[in-house]
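Subject: Handover of a structure, with findings

Dear colleague,

Please find below the structure that I am passing on to you. My findings follow directly after it.

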Amino acid sequence: MKANANQLRGAIDAANPDIRFYLFHGPDEAGAQEWALRLARVMGPEAERVDIEPSSLKSNPGRLADEAASMSLFGGARHIRIAGAGEECLEAATLLLDGERAGNPVVAIAPSLKSSAKLVKLALASPRAMAFACYVPEGADAEKLAVAIAREQGLRTTGDAAMRLATASGGDRAVMTRELEKIALYLDAAPDRPREIDDAALDAIGADLGDAEMGRAIDAAIDGQPDALGAELARLDEAGVSPIPVLRQLARRLMTLAELRAQVDAGAGVAQVSEGVFFREKAITARALRHWRSDRIAAAIDRIRLAERGMMGSASAGTVLAQSAILAVARMAARQR
């Protein structure tokens, strides 16, 4: 079935046994990861998590239903996660939803799947599944998200607090949640003892994610300037800026570039397709359209998404992983010039 945020939140928080399969599809992979973490928190810290590679389900589709029906080694709660899910998981998901029983919930994170994908249609058609489209919130939607996450932490936003949080996090649900958790701890807030967030609290503990600095780093990557990018990344690291918003904003710029490049490939002029681009990004976008090929843009987006996915895992290389991916994009751009 198709779920909105409230329905999804209710099903996860209630550990609804009728829902076997949660499918988070769409480009906001960080948002999907946060929903998956919410389920993990509901399952409890002692719950066993089983990670399955999508490629393994193509050769052994019955494994997913088997894992969902199996008991934990220690007899406790258990949940299954599939990162980077695609159409290769279709048969496995079908067997899971058609099975007689499945006591352990399955979460599939599918950033590359569109709403027309067969796996998405399968989840939408089944009462035992919830499909939720994850898109990076912008503008008023990002502010509403900040307000909703703050409320869960026992925080009430006042003044421009929600807008500042949304802007600073780049609309990234995971970063926004971490910041609000820190602020709730600082203010000793909880749902049963709500506190207000004001500018003073944000100034005291909220992260300054350096929009201008992030913009310079992203420009250097898109424009193929690895030397300049190295200096910008060092500044961001020294300032304590999380690499996740940088990855997210770079992915967003690359996706926009891919859309514009498709128009150029179809015969439109660079100047024509660049007309609607934000004025600060117009010159770099126009240059990029002249040397970036569509296949290389797609490869760059995959590289950035892979790095973000890797950062979400345990024992990852963290900032080093992110910086390596961003530098790889800059080198890809430089080789095409």
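In this predicted model, the largest nonpolar core comprises 42 residues. The residues with the most contacts inside this core are I222, L229, L250, W292, I304 and I326. At least two of its residues come from each of the helices α11 (211–222), α12 (226–238), α13 (243–265), α14 (270–273), α15 (279–291), α16 (294–312) and α17 (319–336). Helix α13 gives the most, namely nine residues. There is also a second, separate core, which has 26 residues, including L23, A68, I82 and A85. As general background, nonpolar side chains in soluble globular proteins tend to be buried together.

Two members of the largest core may serve as examples. Leaving aside residues up to four places away in sequence, L229 touches A217, A220, A221, I326, L327 and A330. L250, which lies in helix α13, has a relative accessible area of 0% and is therefore buried. On the same basis of counting, L250 is in contact with I218, A221, I222, I304, I326 and V329. A221 and I326 are thus named among the contacts of both L229 and L250. By contrast, S72 is separated from L250 by 178 residues in sequence and by 40 Å in space, C-alpha to C-alpha.

The length of helix α13 was also checked. With 23 residues at 1.5 Å a residue, α13 should span 33 Å, and because its end C-alpha atoms are 32 Å apart, the two values agree. Just after α13, G267 takes a positive phi of about 115°.

I turn next to a pair of packed helices. In general, such a pair is described by the angle between the axes and the distance between them. Helix α2 (residues 29–43) packs against helix α9 (residues 173–187) at an angle of about 50°, and their axes are 7 Å apart. This angle is why α2 counts as oblique to α9. On the α2 side, the residues that meet α9 are A30, G31, E34, W35, L37 and R41; on the α9 side, they are R173, A174, T177 and R178. By type, the residues of this contact divide into four nonpolar, two polar and four charged.

Is H79 buried or exposed? With a relative accessible area of 5%, H79 is buried, because the value falls under the 20% limit. H79 belongs to strand β3 (residues 78–83). Its contacts, apart from residues up to four places away in sequence, are A40, M43, A47, E48, R49, V50 and P105.

Finally, two loop residues deserve a note on their backbone. Most residues other than glycine have a negative phi. A15, however, has a phi near 50°, a positive value in a residue other than glycine. A15 is placed in the loop between α1 (5–13) and β1 (21–25), and its relative accessibility of 43% is why it counts as partly exposed. D188 likewise has a positive phi, near 55°, and is not a glycine. The place of D188 is the loop between α9 and β7 (195–197). D188 has a relative accessible area of 41% and is therefore partly exposed.

Yours sincerely

How values were computed: Residues numbered from 1 in each chain as written. Predicted model: local features only at pLDDT ≥ 70, side-chain atom pairs only at ≥ 80, totals over all residues. Heavy atoms only, no water. Core = buried A, V, L, I, M, F, W, Y, C linked by side-chain atoms within 4.5 Å. Buried < 20%, exposed > 50% of the residue type's maximum accessible area, 1.4 Å probe, protein only. Helix = DSSP H or I, 4+ residues; strand = E, 2+ residues; numbered from the N terminus. Contact = heavy atoms within 4.5 Å. Axes fitted to C-alpha atoms, helices over the stretch in contact; angles between N-to-C directions. Parallel < 35°, antiparallel > 145°, perpendicular 65-115°, else oblique. Nonpolar A, V, L, I, M, F, W, Y, C, P; charged D, E, K, R; others polar. Expected span 1.5 Å × (residues − 1).
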